[in-house]
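Work through these exercises with the sequence and the structure open. Try each task before reading its solution.

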Amino acid sequence: MTDPMHASSEDLPVSRPFRVSALPARKPTHFDIAPDKPAQALVAALLGISEVRGMHFKGEIRASGKHDYVLEARLVATVVQPCSVSLAPVTTRIDEPVIRRYLADYAAPEGDEVEMPEDDSSEQLPEVID
């Protein structure tokens, strides 16, 4: 099974790539992603849960300064997974804001043991935001 945190866009059931060099600098790029039932089933399998229903990811990518970008969105879905004690299905509604800051001059912390930064929304600006 593919590790969702290290999968390429070819491995993922839902892919909506945005080439950074093609993003407009003056206006946001809006997106609205609502995977179909087969894609939701693949997401559930990747996450090791029973079911994903009504998944919806909507937001925008906008320039921030001369070289950086911000993705701001909302992830909404219903997920079903087995209870860790009884294995009975547990249904949970997810409705979460998502913020990612893509920084051209991002420097990842180095060392064997590194503390998690308080702001974990920043990462290196890739060539493609997917």
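**Exercise 1. The faces of a strand**

Along β2, which side chains point to one face and are buried, and which point to the other and are not?

Solution. The model is a predicted one, so treat every value as computed from it.
- Step 1: Go along β2, residues 29–33. The side chains alternate between two faces.
- Step 2: T29, F31 and I33 share one face and are buried.
- Step 3: H30 and D32 point to the other face and are not buried.

**Exercise 2. From strand to sheet**

Find the strand that β2 is joined to by five bridges, then place β2 in its sheet.

Solution.
- Step 1: β2 is joined to β3 by five bridges, and the two strands run antiparallel.
- Step 2: Check two partners in β3. T29 is bridged to I61. D32 is bridged to K58.
- Step 3: Now take the whole sheet. It is open, has five strands in the order β2-β3-β4-β5-β6, and its pairing is mixed.
- Step 4: β2 and β6 (122–124) are the edge strands, since each pairs on one side only.
- Step 5: On average, neighbouring strands are turned by 20 degrees against each other, direction ignored.

**Exercise 3. A charged name in a strand**

E60 has 18% relative accessibility: is it buried or exposed? List what surrounds it.

Solution.
- Step 1: Locate E60. It sits in strand β3.
- Step 2: Apply the cut-off. Buried means under 20% relative accessible area. At 18%, E60 therefore counts as buried.
- Step 3: Look for a polar partner. The side chains of E60 and R62 make a polar contact at 2.9 Å.
- Step 4: List the contacts, leaving out residues up to four places away in sequence. E60 touches P28, T29, H30, F31, V70, L71 and E72.

**Exercise 4. The nonpolar cores**

Which residues make up the largest nonpolar core, and which element gives the most to it?

Solution.
- Step 1: The core has 12 residues: F18, V20, L23, F31, I33, I61, Y69, L71, A73, Y102, L125 and I129.
- Step 2: Two elements, β2 and β4 (68–82), give two or more residues each.
- Step 3: β4 gives the most, with three residues.
- Step 4: Follow one member. Beyond four places in sequence, F18 touches L23, T29, F31, I61, E127, V128 and I129.
- Step 5: Another core lies apart from the largest one. It has seven residues, including V43, M55, A77 and V79.

**Exercise 5. A helix and its buried side**

Which residues of α1 are buried, and why do they line one face?

Solution.
- Step 1: In α1 (residues 37–47), the buried residues are A39, Q40, V43, A44 and L46.
- Step 2: Viewed down the axis of α1, these residues fall within an arc of 160 degrees, so they line one face.
- Step 3: Recall the geometry. An α-helix has 3.6 residues a turn, so residues three or four places apart point the same way.
- Step 4: Turn to the face away from the buried side. It carries the exposed residues K37 and P38.
- Step 5: β3 (51–64) is among what covers the buried residues.
- Step 6: Inspect the ends. D36 caps the N-terminal end, with a side-chain oxygen 3.0 Å from the backbone nitrogen of A39. After α1 comes G48, with a positive phi near 70 degrees.

**Exercise 6. A loop residue**

Where does L87 lie, and what is its phi?

Solution.
- Step 1: L87 is in the loop between β4 and β5 (89–103).
- Step 2: Its phi is positive, about 65 degrees, although L87 is not a glycine.
- Step 3: The relative accessibility of L87 is 62%, so it counts as exposed.

Technical notes. Residues are numbered from 1 along each chain as its sequence is written. This is a predicted model: local features need pLDDT of at least 70, side-chain atom pairs count only at pLDDT 80 or more; totals for chains, interfaces and linings use all residues. Side-chain values use heavy atoms; hydrogens and water are left out. Buried means under 20% relative accessible area, exposed over 50%, partly exposed in between (1.4 Å probe, protein chains only). Helices (H or I, at least four residues) and strands (E, at least two) are DSSP runs, numbered from the N terminus. The arc is that of the directions from the helix axis to the C-beta atoms. Contact means heavy atoms within 4.5 Å. A polar contact is a pair of N or O atoms within 3.5 Å; within protein, one must be able to donate a hydrogen and the other to accept it, and residues adjacent in sequence count only if both atoms are side-chain atoms. A nonpolar core is a set of buried Ala, Val, Leu, Ile, Met, Phe, Trp, Tyr and Cys residues joined through side-chain atoms within 4.5 Å. Two strands pair if DSSP finds at least two bridges between them. Axes are lines fitted to C-alpha atoms, for helices over the stretch in contact, and angles run from 0 to 180 degrees between N-to-C directions.
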